[in-house]
Each structure stands twice: as structure tokens, then as C-alpha cells.
Amino acid sequence: MKRVPHPIASRVLLALAISALAACASSLRETRIDSVERRLIMPEGSARYEMAAHQAFAYPAPRDNASPVFPADYPVRELAPTTLCVSFVVDERGEPTQVSPLVQEGCAPAEQFALLRDAMLAAVSGWRFEPAMFCDYPDAATRDRDWNGHGCAGTTVEARVVPVSLAYAFTFSLRNGKGEVAAAKR
């Protein structure tokens, strides 16, 4: 014997399926896609340490520094990629000091994006680094032989911890729905 679906049961199942699909579509519209991309930049007009042939420089090494978190309460639903920049000094303890928004070409005015600026400054203020060092060797040949490129190495090296100015650019973007977030590179 062949079973024939009851017309009312079919309509109820159809109504349930439609409402489930509508709920899925509604939740897709509410999906928030946000992104923060970071990159190290060179501030315009920045000073540089001069080195002699017997010296090497060990750049400050970051210790698992997380990018800023996009503010959950951001007041708009869409934000085209917006780049904010920050400058700071890594002191002799490896801690950021003098953390402030950087004003230069390619960086959006931080005061126009206060929530993003605050997220950026809070994140960077919590970063930690292995401090930068000048490595003084007896001569250039010893430096060439002993220096490993990541720190002062060798038995005859004299290491001096030095403060260093750094700058980073963070590109924030926010898209509602299916999001493909592209990060601008410089």
C-alpha cells in the first residue's frame, strides 16, 4: 500500500522549513565580520643609530604581541579599510613608552576614529619586547664571525641595551554579512 502525504502535514512541514530558512537568512544578515591587520612602518623623518664596522644592532624582538581587538560596540555596521598608525619607544626594559597616534601620509586622522584609536593605543601599551641592543665587538672580523643577526653573540661582545622608536599601521575594517576582508599593504 502506497502512503500519500496528508495535505495539512505537508503544509506544516513546508512552513517549518521556510521559517528555519528565514531564521538562517536573518542570522546571516546579523553576522559581523571584522578585521585588524598590522604592519611595521618607518615614521617619516625618523632618526637612525649610526654603526661602526665593529658594531651590530639587535632589533627589538616582539613577545607574542596581539593586534588590537575591533571594538564590539562600534556604532556603524560597515567600515571600509581604515588605517590608523601609532608610534612609540621601546625602552631599555622592552616596554612601550610615549605611545601616541602617528600623523603621516597613509594614516587616517585618529581623532575621527576614537574607538579604534583607543583600541590601538591600549593594545600597543600592553606589548612587550626583548629590548634592542648595540653589540660592540673588538673588530669587524670578530663581528662577522660571531654575530648571529638576532642578538649579541660571542664571548668578546659587549652588549648595550638602547631605546628604539617604532611605528605600526593597523588597518581596521568591518563588513556585515559574508565578508572578504582585504588588507592594504604598503
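1. Two strands count as paired if DSSP finds at least two bridges between them. Strands (E, at least two residues) and helices (H or I, at least four) are DSSP runs, numbered from the N terminus. By these criteria, β7 (residues 132-136) and β8 run antiparallel and are joined by 5 bridges. Within this pairing, Cys135 has Ala159 of β8 as its bridge partner.

2. This is a predicted model, in which local features need pLDDT of at least 70 and side-chain atom pairs count only at pLDDT 80 or more, while totals for chains, interfaces and linings use all residues. Residues are numbered from 1 along each chain as its sequence is written, and side-chain values use heavy atoms, with hydrogens and water left out.

3. β7 and β8 belong to an open, antiparallel sheet of 3 strands in the order β2-β7-β8. β2 (55-58) and β8 (158-162) are the edge strands, each pairing on one side only.

4. The largest nonpolar core (buried Ala, Val, Leu, Ile, Met, Phe, Trp, Tyr and Cys residues joined through side-chain atoms within 4.5 Å; buried means under 20% relative accessible area, with a 1.4 Å probe and protein chains only) has 26 residues. Those touching the most other members are Leu79, Phe88, Leu116, Trp127, Tyr168, Phe170 and Phe172. At least two residues each come from β4 (79-90), α2 (114-125), β7 and β9 (164-176); β9 gives the most, with 6.

5. Beyond its neighbours within four places in sequence, Trp127 is in contact (heavy atoms within 4.5 Å) with Arg38, Asn65, Ala66, Phe88, Gly94, Pro96, Tyr168 and Phe170.

6. Another core, apart from the largest one, has 6 residues, including Ile41, Cys85, Leu102 and Ala169.

Methods:
Buried < 20%, exposed > 50% of the residue type's maximum accessible area, 1.4 Å probe, protein only.
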